[in-house]
Amino acid sequence: MHEYPRLASSCASFTLGSLKEVEDRIVEELQTSGATRLVVGLQMINLQRAITACGMFSMFEAYLQDFLECVDGFKEANEILTSHGHAQMAGTFRDYQSAINVLKHGRGASYDRLLGKMDELPFKLKTEDNYIEGDVSAISTLIEVNDIFVLQCADIIEHVYEKLRMEKYGY
């Protein structure tokens, strides 16, 4: 099997491309119809984006546990990155881990952590103050999950893996 991080990135691009085709057809139909099935279709597409991001990170954690031969793959990865001079990448990786936790669990410690640094994040955290009224495609998440977010998740997974591989094997 090819390395998971590269496969995950390809899967994310494939999934997003497929979703975009369906989304474009729905948006075109919405020009002449306001059928509920079309609105539900847009919401399903956004939910699939969130599921894709969560799934990529969950499977990456399992991959890290095997690759790093440890019990807590994320914790071990962050420690390796930080101890080898990649603290900024470790911080970004933790931000995405927190975002995925927020998608999976809602408000809590991860949301509060991100809220404290909301202006520094490479993705959008939703609050009562920045909720967009009238977006029929919106789903109830505290992270704005769009194509960019999903691709950024795939990108950080791949970059973290490359650094860890370099530290472990020297290439």
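Which pattern does the protein follow, read along the sequence? I read α-α-α-α-α-α, and I count 6 helices and 0 strands, helices being DSSP runs of H or I with at least four residues and strands runs of E with at least two, numbered from the N terminus.

I note that this is a predicted model, in which local features need pLDDT of at least 70 and side-chain atom pairs count only at pLDDT 80 or more, while totals for chains, interfaces and linings use all residues. Residues are numbered from 1 along each chain as its sequence is written, and side-chain values use heavy atoms, with hydrogens and water left out.

For the extent, I find that the C-alpha trace spans about 60 × 40 × 25 Å along its principal axes.

I then looked up helix H2 (residues 36–67) and helix H4 (residues 87–105), whose axes come within 10 Å and cross at roughly 120°; axes are lines fitted to C-alpha atoms over the stretch in contact, with angles from 0 to 180 degrees between N-to-C directions. H2 and H4 are therefore oblique to each other, a class left over once angles under 35 degrees (roughly parallel), over 145 (roughly antiparallel) and 65 to 115 (roughly perpendicular) are set aside.

For their contact (heavy atoms within 4.5 Å), I list Ala-53, Cys-54, Phe-57, Ser-58, Phe-60 and Leu-64 in H2, which meet Phe-93, Tyr-96, Gln-97, Ile-100, Leu-103 and Lys-104 in H4. The residues of this contact divide into 9 nonpolar, 2 polar and 1 charged, where Ala, Val, Leu, Ile, Met, Phe, Trp, Tyr, Cys and Pro count as nonpolar, Asp, Glu, Lys and Arg as charged, and the others, Gly among them, as polar.
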